[in-house]
Amino acid sequence: MNELETVVGLEVHVELLTQTKLFCGCSAAFGAEPNTQVCAVCLGLPGETLPRLNQQALEFAIKAALALNCSIAGEVSFDRKNYFYADLPKGYQISQFFQPIGTRGYVEIQSAGEIKPIGIHQLHLEEDTGKLLHVGDILSSPFSRVDFNRAGVPLIEIVSEPDLRSAEEARLFLQKLRSILRYLDVSDCKMEEGSMRCDANVSVRPRGSSALGKKTELKNMNSFRSVYKGIEYEVQRQSRLLQEGGEVLPETRHWDEGAELTRAMRSKFLSANYRCFPDPNLPPLLTSRERLNALQEAIPELPDARLERFVREYSLPRYDAEILTATRELADFYENTLAVFPVPKAVSNWTMGELLGLLNEAGQEIGTCKITPTDLGELLKMVQEEMISRNMGKAVLEEMFASGEKPGVIVEKKGLVQISDEGALAEIIARVIDQNPKSVEDYRGGKKKAVGFLVGQVMKETRGKANPQLVNEMLKKQLEV
Ligand SMILES: [Zn+2]
């Protein structure tokens, strides 16, 4: 059999960061006591329960669609998707079936050194469902509880074209999507809290073929790692099946994180018929040119553009620029530090090496870091002016990270100021030369390395405070007399 090629399309659900739900005034905050953020509208109770569209959710969805290079529908309309499930109190979900807000967009990823556009089939706005909480083991316990706090929280669903050719490309696409949506501030995209969820349509086909193979739908992947591993597993499973002369069944499969394999959940005979129809309570809304223009203007510089600018404007290596622009917070931190200490590569080295190291170790993100860009800039100035050594600088940074104190305060408190005064060093250098005749002899006899030992002795005498470069120069001058 020919070599096989992987084909993946993703369906990504993202909860929007609005204060309230999509069609009522209930709080959309995550983590509250179950069923404390509900009302007649989101519970679908009879009576005066008309939905009212949350304008902020609509604007967030349009911004996301614009940032993903989609065409925007001239009219926003909502439809009812009818089905029964215990987490859906109304018996239907309000979604956009006939006319999604955004269509025919794309996102660029960098795969194997090449920029590759991944098509966005559509982006639409819909409400989330409630959440079933299984009591005990899902297979043996007869009980489930339901929490309706999530019912009605605004979601966007982003459906990619089947343009992804590997598990790695799927992960890169998802990461790029998260980065863009976070730059826009429309979602926090936390896969572990479920504010970003991803299903994958996976199939394989003979390389060179343009027809799509039979696909399975993969669910329950709760991290970037599990998206990668789930797809990887499914590709292997399908390839093995085909190579053995078997057939891939169109079914929904569940990624089992613990066992690291996929299991069949249910077979898909036909796409379900949800009898969608326009929601009579939500009349279509025109999206005016003015409103779209205002939203387009409110879109900040996005990660790709910022990366290119960092390379161009600050002459940074692409690697540095990629890391620094991964989140808007980090990129802002970097540029705010540059405003105080305008040496791009030095700020990049300290930010990527020292600061990100400390953050990773503490499991923290830049947003909660106690060090301000101004303070980092001040610290780097001290290092550049040789007021303190590089090593002292690192120690001061650790202290700043722990306490949030200003670098000047820490340096003074600890008496860390570097000795760069020739007068103060001359006496110590003379003493060290006197006390180490062997090394002096070695140096004069041609073993130039011996000077290192003597520098070390001066550093020891000054408890690390001497400016090593200056000591080096002064020593050599003395020894060559
Ligand atoms: Zn409500």
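The domain assignment of the protein chain, whose bounds come from an automatic or database assignment, divides it into three parts, listed in the table.

| Domain | Residues |
|---|---|
| domain 1 | 4-291 |
| domain 2 | 301-413 |
| domain 3 | 422-479 |

The centres of domain 2 and domain 3, taken over C-alpha atoms, are separated by 34 Å. This is a predicted model, in which local features need pLDDT of at least 70 and side-chain atom pairs count only at pLDDT 80 or more, while totals for chains, interfaces and linings use all residues. Residues are numbered from 1 along each chain as its sequence is written.

Helix α13 covers residues 422-435 (helices are DSSP runs of H or I with at least four residues, strands are runs of E with at least two, and both are numbered from the N terminus). At 1.5 Å a residue, the 14 residues of α13 should span 20 Å, and the end C-alpha atoms are 20 Å apart, which agrees; the expected span is 1.5 Å times one less than the number of residues. Within α13, L425, I429 and V432 are buried, where buried means that 20 or more other C-beta atoms lie within 10 Å of a residue's own, exposed means 12 or fewer, and partly exposed lies in between, with C-beta atoms placed from the backbone. Seen down the axis of α13, the buried residues fall within an arc of 60°, so they line one face of the helix; the arc is that of the directions from the helix axis to the C-beta atoms. The face turned away from this buried side carries exposed residues, including G423, E427 and D434. The buried residues of α13 pack against α15 (450-461) and α16 (468-479), contact being counted when C-beta atoms, placed from the backbone, lie within 7 Å.

A nonpolar core is a set of buried Ala, Val, Leu, Ile, Met, Phe, Trp, Tyr and Cys residues joined through C-beta atoms within 7 Å. The largest such core has 66 residues, and those with the most contacts inside it are A61, A64, A170 and F173. Not counting residues up to four places away in sequence, A61 touches I101, L125 and I156. A second, separate core of 29 residues includes F333, W350, C369 and M382.

Finally, G152 lies in the loop between β9 (144-147) and β10 (154-160). G152 is buried, with 31 other C-beta atoms within 10 Å. Although G152 and E127 are 25 residues apart in sequence, they are 4.6 Å apart in space, C-alpha to C-alpha.

Note on methods: Contact = placed C-beta atoms within 7 Å.
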